[in-house]
Amino acid sequence: MIYYKRKTYGIYDLTCDSRQIRPNMGFMAVRGTQEDGTKYIADAISQGATLIITHNGVEVPPGVDVIHSPNPRKVYAEISDLLYDKKPNYITAVTGTNGKTSVANFTEQLWTNAGKGGLSIGTLGMLGSGYIGGSSLTTPDAATLHRSLQKANMERGVEYACLEASSHGLDMYRLDSLHITRAGFTNLSHDHLDYHGDMESYLEAKMGLFSRVLKPSGAAVINAMSPYFNRICEVCNARGIRVVSYGVVSPQLETVPDIHIYALSPNNKGFDVQMSVFGREYSMQIPLIGQFQLENALCALGMAIVGEISMTDVVPALSLLRPVKGRMQRINTTPSGGVAYVDYAHTPDALQTVLQSLRPHTTGKLCVVFGCGGDRDKTKRPIMGKIAGEYADVAYVTDDNPRSENPMVIRQHILAGGNNKCFDAGDRKTAIKTAVDELEDGDSLVVAGKGHETGQIFGDLVQQHDDAQIIEDLIREMA
């Protein structure tokens, strides 16, 4: 039972999926981009729903409570907060086109290695404090998110949690009503324009984390190298939010960030770095491949310094970080001496970043296997082909969740932007086998686009497919 805006509602749980309704639950019915949830109001009531949250003007059968709102998603989040009120004391969230999963998981690792324990919630599910992941939306719906946080707090004593904040999740008010104490921003690049329409709308959705969700008493951890840095700072300054900047020092930076690396040397295990954290200097090895992963680690460091955790607790833990599954994950070395990696990069910027980051660790050829998803933003396909042709020595163009489209047509769209370094390598398993077979001593191969995923979508079917496992099996057969 909850008390909301001068009225009491006798519900014990909440959902936006009518199939999950049980007696005395609340149901949010909204008109979405792909489905009109208001069509399921009668079904929800027949299954026992006693509260309906929906748009103004939507008629609801008599006999149940109803909350009409111009923004039912926001109401849904507010009621979720009332129902699940025993959550971790310190909740942080990170947004950006790329890097969210790594930052969230690195933050959890820093807390855990500092002896505090923690939790990350996002694309890989729940990780840390005994949780081992699982399938999940990047940002679950508000009730699922609040419920999961309460469960982690009550069952495992979790007091520190880091969430991935997707643009869709922010646009749909899934993080609203959470007490977010720190919010991070990694970057913004071409993606999800099939949903947002244009880059400005995409940016505005991301900015909601700072303009609406983050509490004024909190802090924003912002990538100083982002072209949107000043714009986000303006939003934060207007709300009285403290800004913490981070980055790897380069000539294009106007000011030195609060948390920064000023010297680095790549090696076969990661980087030896010299860094400054709020004026205090440190030297250490960070076992991560790719400069973008260093940036993610710096963001996580800024996110982890919260509550009773100080920088002296977490900075040494940077040397213990491990890459997240499917994020610049080193799989194995072939008998010929080539090294294979798997990464989730599926946007133009991410693909370019991964290739540029692997180059310093590569003495031979830099190779990439990648594709583009079907029924998604088609404009990025030739762009990714161009990037692969420019930054890789060999580009094996293949499939990546074709869905309802013809895989060969998608590959041709990609190749239209490429050059003679790019060629159609056929289906994904064949492409990976060809690439692994051709690796020589000193070569690096990154199989990009699917990362941690274990399925390939063709039409309405999901076929078993795990890039990392396929690479492992191929190398084992070569031994």
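**Reading a sheet and two buried residues**

Author: Let's begin with the sheet in this predicted model. Eleven strands form an open sheet in the order β10-β9-β8-β11-β7-β12-β13-β14-β15-β16-β17, and the pairing is mixed.

Reader: Which strands stand at the edges?

Author: Those are β10 (131-132) and β17 (280-286). Each has a single partner strand, so one side of each is left without a neighbour in the sheet.

Reader: How do I read the pairing of β7 and β11?

Author: Here is the general idea: strands of a sheet pair through backbone hydrogen bonds, either parallel or antiparallel. In this case, β7 (residues 90-95) and β11 (residues 160-164) run parallel and are joined by five bridges. Within that pair, Ile 91 has Ala 161 of β11 as its bridge partner.

Reader: Which strands does helix α4 touch?

Author: Helix α4 (residues 142-156) packs on the sheet against β7, β8, β9, β10 and β11, and its direction makes about 160° with that of β8. Helix α8 (residues 229-238) packs on the sheet too, touching β12, β13 and β14.

Reader: Now a single residue: is Lys 100 buried or exposed?

Author: Lys 100, in helix α3, is buried yet has no salt bridge. A salt bridge needs the charged atoms within 4 Å, and the nearest side chain of opposite charge, Glu 164, is 5.2 Å away. A polar atom of the Lys 100 side chain does lie 2.7 Å from the backbone oxygen of Gly 96.

Reader: Why does Leu 321 count as buried?

Author: Leu 321 counts as buried because its relative accessibility is 0%. This residue lies in the loop between α10 and β18, and its contacts include Phe 106, Leu 110 and Pro 287.

Technical notes: Residues numbered from 1 in each chain as written. Predicted model: local features only at pLDDT ≥ 70, side-chain atom pairs only at ≥ 80, totals over all residues. Heavy atoms only, no water. Helix = DSSP H or I, 4+ residues; strand = E, 2+ residues; numbered from the N terminus. Buried < 20%, exposed > 50% of the residue type's maximum accessible area, 1.4 Å probe, protein only. Lys, Arg positive; Asp, Glu negative; His and termini not counted. Polar contact = N/O pair within 3.5 Å; in protein donor to acceptor, adjacent residues only side chain to side chain. Contact = heavy atoms within 4.5 Å. Pairing = 2+ DSSP bridges. Axes fitted to C-alpha atoms, helices over the stretch in contact; angles between N-to-C directions. Lists of a residue's contacts leave out its neighbours within four places in sequence.
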